[in-house]
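Thanks for coming, everyone. I'll walk through one structure today, piece by piece. Please have it open on your screens.

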Amino acid sequence: MAQWFEDESLWVETYPYMFSPSRIAAAEVEVKPLLALAGNRPQKILDLCCGPGRFAVPLARRGYQVTGVDRAAFFLDKARERAAAENVAVEWVHEDMRTFARPGAFDLALSMFTSFGYFDDKDEDLTVLRNIHASLRPGGAFIMDVVGKELVARDFRAAESRTYPDGTVVIDRREVFADWTRVRMEWTIIKGNSVRVFTIDHTVYSGQELKDRLETAGFDDVRLYGSMEGAPYDRAAERLIAVGRKPAH
Ligand SMILES: C[S@@+](CC[C@H](N)C(=O)[O-])C[C@H]1O[C@@H](n2cnc3c(N)ncnc32)[C@H](O)[C@@H]1O
């Protein structure tokens with residue numbers, strides 16, 4: 001049976017609400033602190049699950065050699081359009097994160113905006129981390145930005161609705177299930193007489209659980225942060241950012 005993220009219409013329909021102009025613009029600002037967190041001098045960067053190229057394009061504009069990987073052709077088309085408009089070169093790869101691996105190819109790998117934990121089988125998350133680890137050169141860094149379980153518990157709201165300038169209403173209902181390991185978001189998009197419902201499930205990791213998974217995959221010196229600027233992952237955290245390194249030797 002197909003899993004939710006394989007339904008490309010989900011990404012097409014939710015795109016305007018998931019990727020508001022302010023969210024696209026936020027990545028421009030985050031590139032600098034992101035590179036500071038990486039702490040190495042990357043040349044080749046992997047943006048895994050790159051979506052519309054929010055990070056890949058600004059990084060390429062700064063002169064890095066960027067490879068963006070995504071399984072949704074819709075997003076790769078958006079990303080290509082943006083790269084062409086900005087006249088920057090990025091290698092776009094249409095592949096699933098469970099299979100993409102290019103041994104020793106990258107200095108820095110990114111997984112941004114909760115692009116992790118999608119699979120029912122949690123071992124597949126580990127496969128993804130192992131692929132990323134294999135794709136880094138020794139001494140390479142990996143930065144991951146997700147919503148930590150602590151933040152889900154702290155900020156949990158069972159339902160929220162937003163109305164957009166064109167009159168579209170988006171209702172987002174959430175539930176926690178599978179022994180506090182998974183979160184389900186049900187998005188109802190009401191546009192005039194059309195009502196469409198999409199369900200997004202993902203595994204939520206606590207900071208410690210994510211650290212353990214990264215270490216199991218071979219990462220070293222794993223550090224957690226609560227913001228891209230490197231704030232501690234504590235009660236005031238805005239997000240969960242994990243930085244891991246592939247040992248140099
Ligand atoms: C929430 S978006 C984040 C996009 C991007 N990282 C960003 O910061 O804007 C999640 C992305 O993961 C991609 N994706 C979902 N499942 C995937 C899979 N199994 N393999 C590769 N990409 C996947 C989606 O197509 C989408 O582009």
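Start with R184. Which residue is the bridge partner of R184 in β9? The partner is D201. Keep in mind that this is a predicted model. R184 and D201 are one bridge pair, and the two strands here, β8 and β9, pair over 10 bridges. The sense is antiparallel. Strand β8 covers residues 182-191.

Now zoom out to the sheet. It is open and has 4 strands. Read the order as β6-β7-β8-β9, with antiparallel pairing. Which strands sit at the edges? They are β6, residues 159-163, and β9, residues 194-203. Each of these pairs on one side only. From one strand to the next, the twist averages 15°.

A helix packs on this sheet: α1, residues 8-18. Helix α1 touches β7, β8 and β9. Strand β7 spans 169-177. The direction of α1 makes about 95° with that of β9.

Next, strand β4, residues 106-111. Is β4 mostly covered or mostly open? Mostly covered: 6 of its 6 residues are buried. Strand β1, residues 44-48, pairs with β4 in the parallel sense, over 3 bridges. Look for L46, whose bridge partner in β4 is A109. β4 also pairs with β5, residues 136-146. That pairing is parallel too, over 5 bridges. Here S111 stands opposite M144 in β5. How does the chain get from β4 to β5? It passes through helix α5, residues 122-135. This β-α-β crossover is right-handed.

Let's pick one residue to look at closely. Q65 is in strand β2, residues 65-70. Is Q65 buried or exposed? Neither label fits, because Q65 has 16 C-beta neighbours inside 10 Å, so it counts as partly exposed. Buried would take 20 or more, and exposed 12 or fewer. Set aside the neighbours within four places in sequence, and Q65 is in contact with Q43 and K44. Now find A89. Q65 and A89 are 24 residues apart in sequence. In space, C-alpha to C-alpha, they are 8.1 Å apart.

Last stop, the ligand. There are 18 residues around the ligand. Which come nearest? C49, G51, A72, M112 and F113. What classes make up the shell? It has 11 nonpolar, 3 polar and 4 charged residues.

That's my tour. Over to you.

Conventions: Residues numbered from 1 in each chain as written. Predicted model: local features only at pLDDT ≥ 70, side-chain atom pairs only at ≥ 80, totals over all residues. Near = placed C-beta within 6 Å. Nonpolar A, V, L, I, M, F, W, Y, C, P; charged D, E, K, R; others polar. Pairing = 2+ DSSP bridges. Axes fitted to C-alpha atoms, helices over the stretch in contact; angles between N-to-C directions. Contact = placed C-beta atoms within 7 Å. Right-handed = clockwise from strand over helix to strand, strands pointing away.
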